[in-house]
Amino acid sequence: MSYVFAAPATPSVEVAGRADRFPVHRVYCVGRNYAAHAREMGHSDREPPFFFLKPADAVIPSGSEFAYPPKTKDLHHEMELVVALKSGGTDISVDGALEHVFGYAAGLDMTRRDLQSQAKEKGRPWDVGKSFEGAAPCGAIKPVEDAGHPESASIWLKVNGEVRQNGDIADLIWNVPEVISHLSGLFTLRAGDLIYTGTPAGVSAVQPGDDLHGGIDGIGEIEIRVV
Ligand code: MN
C-alpha cells in the first residue's frame, strides 16, 4: 500500500508485564453508568445504556502531560474502568460477552463540561465536549490472565493528593457483559476496541498545574499532569 502522505501511527496502549502493546481500533464510552453520578448530573431514572465515541488518537498514556484544551472554562475528570477487547462481533450475548475481553485498565474520560452542557441544551452532538486531543488517558492494560474479570473493586481519583472520586465498580448500573452486549447491537465490535464504562460520583473541574492520580484496585493506575 502506498499513500499520498505518511499514514498516521496506530494508537496503542501499554500492556502490563508484556513488551507487546495493545493496538487501539475504536474508543467507546458509556454515559451515566453509576447511579450517584447520574443523580449529580440531574438524572434519576434507570435508563438503557447510551454511548458516545472518542477518536482512537485521543488515547494518551499514564505519565503524560495533558494539555488543557481550548474553548473551555470547565474541564472535568471522569475516572473509569476501561475494558479492552481481543475480539468482537455483532449481537453478542451477555453470557458470551466476557470471552471477548483482553483485559482491563484505569482510564480518564476528560470532558469539556461547559461545551457538553451547551450541546445537551441545544440537542446537539457531544463531540466537542468529549472528543478533543488527549481526551482519553489510559493506563496500562492488565490482561484477564492476571486481572480476572473484576466484579467489585475500589475506583478512585485524587487531584493534588485530595480524594475527589471514590466508588466501586460493583455499582455500575450496566455491568461489563451487559455493556458489551448492548454495544454490539449498535456497532460491530473488534479486537482493539476500548470501552470506557462510565464514572462514579465526584466529577469536578481541574486546572493547569493539577496532578490527577487515579486507580482501580487490582487493575491499575493512571496519572496525568494538566499543563
Ligand atoms: Mn464518562
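1. Is C138 buried or exposed in this predicted model? C138 is buried, with a relative accessible area of 3%, and C29 likewise counts as buried, at 0% relative accessibility. Anyone looking for a bond between these two cysteines should note that the count of disulfides comes to zero. C29 is in no disulfide, and the nearest cysteine sulfur to its own, that of C138, is 11 Å away. Seen from the other end, C138 is in no disulfide either, its nearest cysteine sulfur being that of C29 at 11 Å, whereas a disulfide would need the two sulfur atoms within 2.5 Å.

2. The residue before C138 deserves a separate look. P137 lies in strand β11, which covers residues 136-138, and P137 is buried, with a relative accessible area of 0%. Although P137 and I60 are 77 residues apart in sequence, their C-alpha atoms are 4.6 Å apart in space. Leaving aside residues up to four places away in sequence, P137 touches A58, I60, F66, G107, L108, M110, Y196, I222 and I224.

3. The manganese ion is coordinated by oxygen atoms of E78 (OE), E80 (OE) and D109 (OD), at 2.0 to 2.1 Å. Along the sequence these donor residues follow the spacing E-x1-E-x28-D. E78 lies in the loop between β7 (75-76) and β8 (79-85), while D109 lies in the loop between β9 (101-108) and β10 (111-112), so the pair ties together parts that are 31 residues apart in sequence. Both E78 and D109 are buried. As water is not among the atoms, the site may look incomplete, and the list of three donors should be read with that in mind.

4. An open sheet of five strands runs in the order β6-β17-β16-β13-β14, and its pairing is mixed. β6 (65-66) and β14 stand at the edges, each with a single partner strand, so one side of each is left without a neighbour in the sheet.

5. Within that sheet, β13 can be followed on both of its sides. Strand β13 (residues 154-159) pairs with strand β14 (residues 162-168) in the antiparallel sense over six bridges; W156 has N166 as its bridge partner in β14, and V159 stands opposite E162 in β14. The hairpin formed by β13 and β14 has two residues between the strands, and N160 takes a positive phi near 50 degrees there. β13 also pairs with strand β16 (residues 211-216), again in the antiparallel sense, over five bridges, and here K158 stands opposite H213.

6. Finally, the interior. In soluble globular proteins, nonpolar side chains tend to be buried together. Here the largest nonpolar core has 63 residues, and those with the most contacts inside it are F22, M110, I180, L194, I195, L212 and I216. L212 is a useful residue to select on screen: not counting residues up to four places away in sequence, L212 touches H77, L108, M110, L157, K158, V159, V206, I222, E223, I224 and V226. Some of these names return from point 2, since P137 also has contacts that include L108, M110, I222 and I224.

Notes
Residues are numbered from 1 along each chain as its sequence is written. This is a predicted model: local features need pLDDT of at least 70, side-chain atom pairs count only at pLDDT 80 or more; totals for chains, interfaces and linings use all residues. Side-chain values use heavy atoms; hydrogens and water are left out. Two strands pair if DSSP finds at least two bridges between them. Helices (H or I, at least four residues) and strands (E, at least two) are DSSP runs, numbered from the N terminus. Donors are N, O and S atoms within 2.8 Å of the metal (3.2 Å for Na, K and Ca); water is not among the atoms, so sites may look incomplete. Buried means under 20% relative accessible area, exposed over 50%, partly exposed in between (1.4 Å probe, protein chains only). A nonpolar core is a set of buried Ala, Val, Leu, Ile, Met, Phe, Trp, Tyr and Cys residues joined through side-chain atoms within 4.5 Å. Contact means heavy atoms within 4.5 Å.
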